[in-house]
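Got your viewer ready? Load the model, switch on side chains as sticks, and follow along one stop at a time.

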Amino acid sequence: MQKVSELGFWQRMSESRDWVILFFSSAGCASCKHWRRLLSEYERQRSDLVVWEVDAGIDMGLTREFEVYHLPALFLFRDGRYQRPIQVEARLPALDAWLKAREQWPAEELP
């Protein structure tokens with residue numbers, strides 16, 4: 001899992017290939033800790049996926065841009081293009097099924 005900030009974020013995203021899960025979290029969030037473990041495991045299982053973590057308390061620009069109102073918040077990108085927010089229960093099988101069901105869906109507009 002890579003920590004990212006708003007500095008150069010969109011440039012880096014435009015150069016990314018495959019799947020990127022953008023994960024907004026904060027240090028004191030218990031649900032975020034659970035998702036961090038789950039996403040780290042999922043990232044190890046998939047060679048075509050990376051997880052980028054944004055500290056919502058520090059990188060307020062990205063947090064506002066993505067209209068994050070509660071944590072954790074997750075967003076899916078593919079080949080540098082925004083796909084959609086991830087809304088699924090925090091279990092590996094559920095996350096994997098959610099992602100596989102959306103592999104062929106077209107990109108969407110950013111929030």
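This tour goes through some charged pairs and then a few unusual spots in the backbone.

Before you start clicking, keep in mind that this is a predicted model. A search of the whole structure turns up 9 salt bridges, and we'll visit a few of them.

**Stop 1: Glu53 and Arg36.** Select these two and look at where their side chains meet. They form a salt bridge, with the closest N and O atoms 2.7 Å apart. Now show the cartoon: Glu53 sits in strand β3 (residues 49-55) and Arg36 in helix α2 (residues 30-45), so you're looking at a link between distant parts of the chain, 17 residues apart. Is Glu53 buried or exposed? Glu53 counts as buried because its relative accessibility is 2%, under the 20% cut-off. Arg36, at 24%, counts as partly exposed.

**Stop 2: Arg46 and Asp96.** Next, pick Arg46 and Asp96, whose side chains meet in a salt bridge at 3.8 Å, N to O. Arg46 is in the loop between α2 and β3, while Asp96 belongs to helix α4 (residues 92-101), so this pair ties together parts that are 50 residues apart in sequence. Switch on a surface and check Arg46: with 11% relative accessibility, Arg46 counts as buried.

**Stop 3: Lys100.** Keep Asp96 selected and add Lys100. These two side chains also meet in a salt bridge, this time at 3.0 Å, N to O. Both residues lie in helix α4, 4 residues apart, which is about one turn of the helix. Lys100 counts as partly exposed, at 49% relative accessibility. Which residues do shared salt-bridge partners join into one network here? Select Arg46, Asp48, Asp96, Lys100 and Glu103 to see it.

**Stop 4: Pro72.** Time to leave the side chains and look at the backbone. Zoom in on the peptide bond from Leu71 to Pro72: this bond is cis, with omega near -10°. Pro72 is found in the loop between α3 (60-65) and β4 (73-78).

**Stop 5: Glu67.** Glu67 is in the loop between α3 and β4 too. Its phi is positive, about 55°, although Glu67 is not a glycine. At 43% relative accessibility, Glu67 counts as partly exposed.

**Stop 6: Asp79.** Finish in the loop between β4 and β5 (81-85), where you'll find Asp79. Here phi is near 50°, a positive value in a residue other than glycine. Asp79 counts as partly exposed, with 31% relative accessibility.

Notes
Residues are numbered from 1 along each chain as its sequence is written. This is a predicted model: local features need pLDDT of at least 70, side-chain atom pairs count only at pLDDT 80 or more; totals for chains, interfaces and linings use all residues. Side-chain values use heavy atoms; hydrogens and water are left out. A salt bridge is a side-chain nitrogen of Lys or Arg within 4 Å of a carboxyl oxygen of Asp or Glu. Helices (H or I, at least four residues) and strands (E, at least two) are DSSP runs, numbered from the N terminus. Buried means under 20% relative accessible area, exposed over 50%, partly exposed in between (1.4 Å probe, protein chains only).
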